[in-house]
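Please open the model in a viewer and keep the selection panel at hand. The tour proceeds stop by stop, each with a selection to make and a description of what is found there.

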Amino acid sequence: MNIENLKSLYTDKGCQKIFVKKLSPNDNSKNQVYLGGSFEILNILPISEIETVAAGDWKRERFKAKINFSWIGDDCNLYPAPNSQLILYPKYPEVRFSGFLTGCENAPSELMTQRLADRLLFLSVSKDGRILGYVASPTSTVAKEFNQSNTTIELGVFKVIELLETTNSKLRLIQELKRIHSQDWITSKRLDAHRNILPCDSSNCGGYTLEAELGIIPNGYSEPDYLGWEVKQFGVKNFEHINSSVITLMTPEPTDGIYVSKGVDKFIYQYGYKDKSGKSGREDRLNFGGIHKVGVRHATTNLKMELIGFEAEEGKIRNTNGRIALIDKKGDEAASWSFSAMLLHWNRKHNQACFVPSLSETNSDRKYKYGNNVMLGIGTDFQFFLKAMSIGNIYYDPGIKMESASTKPKIKRRSQFRIVSRNLSSLYKTNELVDITNY
């Protein structure tokens, strides 16, 4: 194996980047492999689920994240390591890699069980979501060639090898948004699963229309939308004032509480209220809505949002069984979202995000116009999300309703976590306002 053969193998598997870490003596199967002093690695490596490991002592609390990992052998074949996982320690915070030898038919045990400095660990993600690893000894041809190369791009503890020589994804995204902006008003539309263009006539069609222009098929996957970017449209009154608009960050369903244990209908009957609009046809409708911020009891629902297991001053998770919870006056949890479920969604999908302002026209046919100034955010961490919630910058603003409540109830679920656009910068390490007409 040499470096060019290894790069070719990764390229053949649809990988775009290789992340290389020089291993210390402590990076072995006994002590686990250190992958970074934050949860940032979750932005790179896809995980399938997160398990909480409560220890009673926050210093020993941890999350276990399952991954689909295989070793690349020197014969160029792939050898699955079915017990591989990432261990997330909130105390520090840090992430470690473990279980990578157990159950693997041809694991690199000789290299990964010993305390040997300067081994090289290569990691990349294939087009089908598998994480592929290769380890080289310090005296190997691969290690010598890599150490003599001029690789300068760094991400945390890794050096990065770019495999694609094509135009970078940021520029390609901006050029597409420039094309869309130049079309002026675009008739509302959406794509179906077969990429057929369909009409769209609801209040959330601004996002569907932009996705249709980008060729994005609506789906519920926790993966970025376009070339590794999460693209989110938000409505504005004019393009000169884009810092005061409300943006929906994500819409996850609760994972626990009365909402889950007794059902959405019981939740609405208990905490909802009659429609206040006075519009005809809504006499038998119950709503559950309103802005719910941490530490504030809502006047209508009588629920207070709390962050259970998060230390706001330190900005750290202290309890892996922690959650975002709506608490009623009796102390019961009306609804809650586990940190593990929210963490799984947030880091991977929102690591690179693009926020696009839009105007809407609904007098005749619904149409949208997309602005030239877009906001880009790069590098996030779920603990940034929780910190923003703790100070009220992110809030819960649901649009849940029950129609025909006294006869044949029909329920619409929509749990929204939202933010005002001027506060987006707190969620990302790097922020940029881009005028796409300059490209």
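Select Asp275 to begin: at 16% relative accessibility, this residue counts as buried, where buried means under 20% relative accessible area, exposed over 50%, and partly exposed in between (1.4 Å probe, protein chains only). The model is a predicted one, in which local features need pLDDT of at least 70 and side-chain atom pairs count only at pLDDT 80 or more, while totals for chains, interfaces and linings use all residues. Residues are numbered from 1 along each chain as its sequence is written, and side-chain values use heavy atoms, with hydrogens and water left out.

**Around Asp275**

Asp275 lies in the loop between β18 (273–274) and β19; helices (H or I, at least four residues) and strands (E, at least two) are DSSP runs, numbered from the N terminus. Add Ser277 to the selection: its side chain makes a polar contact of 2.5 Å with the side chain of Asp275. A polar contact is a pair of N or O atoms within 3.5 Å; within protein, one must be able to donate a hydrogen and the other to accept it, and residues adjacent in sequence count only if both atoms are side-chain atoms. Which residues does Asp275 touch, not counting those up to four places away in sequence? They are Arg282, Arg285 and Asn287, a contact being heavy atoms within 4.5 Å.

**Two loops with positive phi**

Move next to Asn302, in the loop between β19 (286–289) and β20 (304–308). Asn302 is not a glycine, yet its phi is positive, at about 60 degrees. Its relative accessibility of 32% makes Asn302 partly exposed.

Then select Ser404, in the loop between β29 (399–403) and β30 (410–412). Here too the residue is other than glycine and phi is positive, near 55 degrees. Ser404 has a relative accessible area of 32% and is therefore partly exposed.

**The cis peptide bond**

Select Tyr92 and Pro93, which are joined by a cis peptide bond with omega of about -15 degrees. Pro93 is placed in the loop between β7 (85–89) and β8 (94–98).

**Helix α9**

Select residues 382–390 to display helix α9, in which Phe382, Gln383, Phe385, Leu386, Ala388 and Met389 are buried. At the start of α9, Asp381 places a side-chain oxygen within 2.9 Å of the backbone nitrogen of Gln383. Just after the helix, Gly392 adopts a positive phi of about 90 degrees.

**Ser425**

Proceed to Ser425, in the loop between β31 (417–420) and β32 (430–435). Ser425 is partly exposed because its relative accessible area is 42%. Select Leu326 as well: the two residues are 99 residues apart in sequence and 26 Å apart in space, C-alpha to C-alpha.

**The whole protein**

Finally, select the entire protein, whose secondary structure comprises nine helices and 32 strands. Along its principal axes, the C-alpha trace spans about 80 × 55 × 40 Å. The radius of gyration is 24 Å, which agrees with the value near 22 Å for a compact globule of 439 residues; the radius is taken over C-alpha atoms, and the globule rule is 2.2 Å times the number of residues to the power 0.38. Of the 439 residues, 49% count as buried. Among contacts between residues at least 6 apart in sequence, 67% join residues at least 24 apart.
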